[in-house]
Every structure is written in C-alpha cells, then in structure tokens.
Amino acid sequence: MQLVPFWFVVITVLWTGFFVLEGFDFGVGMLHSLAGQDEAGRRAVINTIGPLWDGNEVWLIVAAAAMFAAFPGWYATAFSGFYLLMVLLLAALIVRGVAFEYRGKRDAVRWRRTWDVLLTVGSVAAPFLIGVVLGDMLHGLPINSHQEYTGSFWDLLQPYALFTGVTLVLICLLHGATFLALKTTDDLRVRSGRLARQVAPVTAAAVVAFAIWTHVQSSSTFFLNPVELLAVLAVLAAVWLIYDHREGFAFAATTVTMAASIVAFFTGLYPNVMVSSTNAANNLTVHNTASGAYSLKVMTVVVVIFLPVVLAYQTWTYYVFRRRVSKREFQPSPRWGARPDASHPASANPDGAAPPAGPGT
C-alpha cells in the first residue's frame, strides 16, 4: 500500500501538467479577440496554440482516468456529486474545441464572430468550473458514511469554491497574455504585453488571497507552507517581470504560479481526497478509496514506462513549433491584377492565400 501516496502524487502531477499547459491555451482563448483586433490578428493569435491545444487537453483525460483507476471511490463520489458541473464542463470544452475548427469554415463576419464568442465563453467557463470542483473537495461537501454525496447543486456553490474558480481564470488570463507576448510579433506582441500588465495586479491579489484562504482551510498553523509561499512569490515576480518587459522570464513565472497554486491545493487536501462537511469520519481519503495493491502495481509499471515517452514527445512538439507567429502571415493577398473589396471578405482573399497554419483559419 506504499503505492497509494505515490499515485496521489501522480494525480497531482497530472492535474498540474494540465493547468500549466492548458492554462495558457485557456488564456489565449479568452484574449484572442482583444489581442487580435482584426481578422488577421485573431487568426494569428489562435494559431499560436494551433498545434498544441488538443494535445494539452489530453492531460485532463489522463488525470480523470488515473483517478478512476487508482482511487475509484474518489472518482465515483466526485463524478456523481459534481454531475451537473461536469456536464457544463464538457459542454464548455466541446464548444471550445468546435469553435477552433468551425470558425474558418465560412468566410462570413457573423459566422466568425459567433464562434469567437463561443471560444471565449468556453475558455472562461472550463477553468472556472474545474476550480469550483477542486475548491469544493477541499472545503467540504455533505457526504454520508457510504461515501455518497447527499447535497444539492446549490451546495456546490460555496464562496471558497467560487473564489478558487475565479483565481484559476485570472491565472489563465495572465498565463495566456505572457504566452502571447512571447509567441507573437509587432502590434500583437505590444498589445499582449499591455493586456498582461492590466491583468497582472488583479491576478496577484487573487493568488495571494487564494494562498491564504487555502492555508486557513487546510492547516491550523499561522505561516504559509513552502508551496503556498512559492505561489505568492511567483506571482509577485511575474508582475515585476511583466512590467519590466522580460517576456520569457514572465512566462516562466506565471508557469510557476500556476503549478504552485495547484500543488498547494493538493498538498492541503492530502491525505483526504474529498472532505465531508457532515462528519469528519466520513472524509474520503487516499486509503479508503484506493484500488487494490495488484492494480496499483500494474498501473505503476505502465506509468513508469510511458509517461517519460509522452513527456519527451510533447517537449519535442513544443520545440518544433517554437517560432513566433506574425499577423502578416494571415493578411489577405488579392488575385493578380484584381483590386480587393474590403467590405467583402470573400473577395479580399479569393484564393485563400493565408496559410492554414492551425485551427480557426
């Protein structure tokens, strides 16, 4: 049973990897209409994550699958208690994914704007809903002695859970803005940096409050633990680096902020996996929800072999698509000898000359 805490660490790593990688994807989805103020700009912004976003979402699937395999009791109680939130989360992720692919299927302004709105809404809703779920697990929910959720939907909307959702949205916004400043050129780069400077102070205040509130929820000591303190220091460093126009270091700081915030949550949760507000004796823990020893051994062999391969492949993918994206790549080029009509997008680019470098083109 020594593998039980190991698998809690694995799940923590998977959730952290999801938020670090998909976090800037969510941020780009929220900011694509603000950073790219015309069609060429929006296409350029979306194409910064074009080769990456669907691979990043796989981390969410693997994290949920690991919960199911390693801690089936945790999975069963969580996915039944959060049923409606999970449905809304799936809807947000589906709409977001479809928006990437469908916004470029018709060359009509209204069509693209509709999918742009859905992309923004889905990118905001997904981290917010996941944050509510995580916050509820730590704060506590009505769970009986049979590990069954006994509350209603409204019991899920607790202040700490809602604030956790808002904090994750703000970190994603800042993470996405620093990513865009690192991945774009010219006016897109300038505008992304300006957006990062606007959202940085609000995000810093939210992260500090989140670290303190999480500490109060999970510990009786006065001082923040090292991970909570790291989240605070990282977001303060991010603010300073953003205002100092040091894009690479700023993105690294927002990465650490996101990772430390997620790890701080799971550190505060352990050894519980879901806290019962009905009775502390009903808490779901890593031990009373875990799979058998043989199952954990087999899963450990699989993860030790394949996780390094996945990490190596994803690292190579990021290396291949490391270049900056310029809005000029997506400017319409008129037919030779023809004068484009700016009022009609179809006539402005009859040959579809802009390169289809990713989704939303």
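A polar contact is a pair of N or O atoms within 3.5 Å; within protein, one atom must be able to donate a hydrogen and the other to accept it. Keep that in mind for the first close-up, and remember throughout that this is a predicted model.

**Figure 1. Helix α9 with its N-terminal cap and the residue that follows it.**
Helix α9 takes in residues 226-243, 18 residues in total. From the first C-alpha to the last, α9 reaches 26 Å, close to the 26 Å expected at 1.5 Å a residue. At the N-terminal end, Asn225 acts as the cap: one of its side-chain oxygens lies 3.0 Å from the backbone nitrogen of Val227. After α9 comes His245, with a positive phi near 60°. That positive value belongs to a residue other than glycine. His245 sits in the loop between α9 and α10, and its relative accessible area of 54% makes it exposed.

**Figure 2. The buried residues of α9 and the helices they pack against.**
The buried residues of α9 are Glu228, Ala231, Val232, Ala234, Val235, Ala238, Val239, Leu241 and Ile242. As you follow them along the helix, it helps to recall that an α-helix has 3.6 residues a turn, so residues three or four places apart point the same way. The partners of these buried α9 residues are α7 (159-183), α8 (186-218) and α10 (247-269).

**Figure 3. Helix α11 and its kink.**
With 28 residues, 293-320, helix α11 reaches 40 Å between its first and last C-alpha, close to the 40 Å expected at 1.5 Å a residue. Where should you look for the kink in α11? The kink, about 30°, lies at Phe306, shortly before the proline Pro308. Leu296, Met299, Thr300, Val303, Gln314 and Thr317 are buried in this helix. The buried residues of α11 pack against two other helices, α1 (3-35) and α3 (53-70).

**Figure 4. The largest nonpolar core, with Trp15, Trp74 and Phe82.**
This core has 101 residues, and Trp15, Trp74 and Phe82 touch the most other members. Helix α1 gives the most to the core, 17 residues. In soluble globular proteins, nonpolar side chains tend to be buried together. For a closer look at one of the three, follow Phe82: leaving out residues up to four places away in sequence, Phe82 touches Val133, Asp136, Met137, Leu141, Leu156 and Met274.

**Figure 5. Aromatic pairs and an aromatic cluster.**
How many aromatic pairs does the structure hold? There are 25. In one of them, the ring centres of Phe8 and Phe266 are 5.9 Å apart with their planes at 75°; angles over 60 degrees count as edge-to-face, so this pair is edge-to-face. Phe8 belongs to helix α1 and Phe266 to helix α10, so the pair ties together parts that are 258 residues apart in sequence. Are these two rings' residues buried or exposed? Phe8 is buried at 4% relative accessibility, and Phe266 is buried too, with a relative accessible area of 1%. A second pair to find is Phe68 with Tyr75, with centres 5.0 Å apart and planes at 70°, so this pair is edge-to-face. Tyr75 counts as partly exposed, at 24% relative accessibility. Phe8 and Phe266 also belong to one aromatic cluster together with Phe71, Trp74, Phe265 and Tyr270.

**Figure 6. The cis peptide bond between Tyr270 and Pro271.**
Tyr270, a member of the aromatic cluster, leads into a cis peptide bond to Pro271, with omega near 5°. Pro271 lies in the loop between α10 and the strand β1 (272-274).

**Figure 7. Thr77 meets the loop residue Gln147.**
Thr77 lies in helix α4 (residues 72-81) and, at 3% relative accessibility, counts as buried. Which atom of Gln147 does the Thr77 side chain reach? The backbone oxygen of Gln147 is the target, at 2.7 Å. Beyond its neighbours within four places in sequence, Thr77 is in contact with Ile143, Gln147, Tyr149, Met274 and Leu284. Gln147 itself is in the loop between α6 (109-139) and α7. Gln147 has a positive phi of about 60° although it is not a glycine. With a relative accessible area of 24%, Gln147 is partly exposed.

Definitions and conventions
Residues numbered from 1 in each chain as written. Predicted model: local features only at pLDDT ≥ 70, side-chain atom pairs only at ≥ 80, totals over all residues. Heavy atoms only, no water. Helix = DSSP H or I, 4+ residues; strand = E, 2+ residues; numbered from the N terminus. Expected span 1.5 Å × (residues − 1). Bend = angle between axes of the 7 residues up to and from the residue. Buried < 20%, exposed > 50% of the residue type's maximum accessible area, 1.4 Å probe, protein only. Contact = heavy atoms within 4.5 Å. Core = buried A, V, L, I, M, F, W, Y, C linked by side-chain atoms within 4.5 Å. Phe/Tyr/Trp six-rings, centres within 6.5 Å; stacked < 30°, edge-to-face > 60°.
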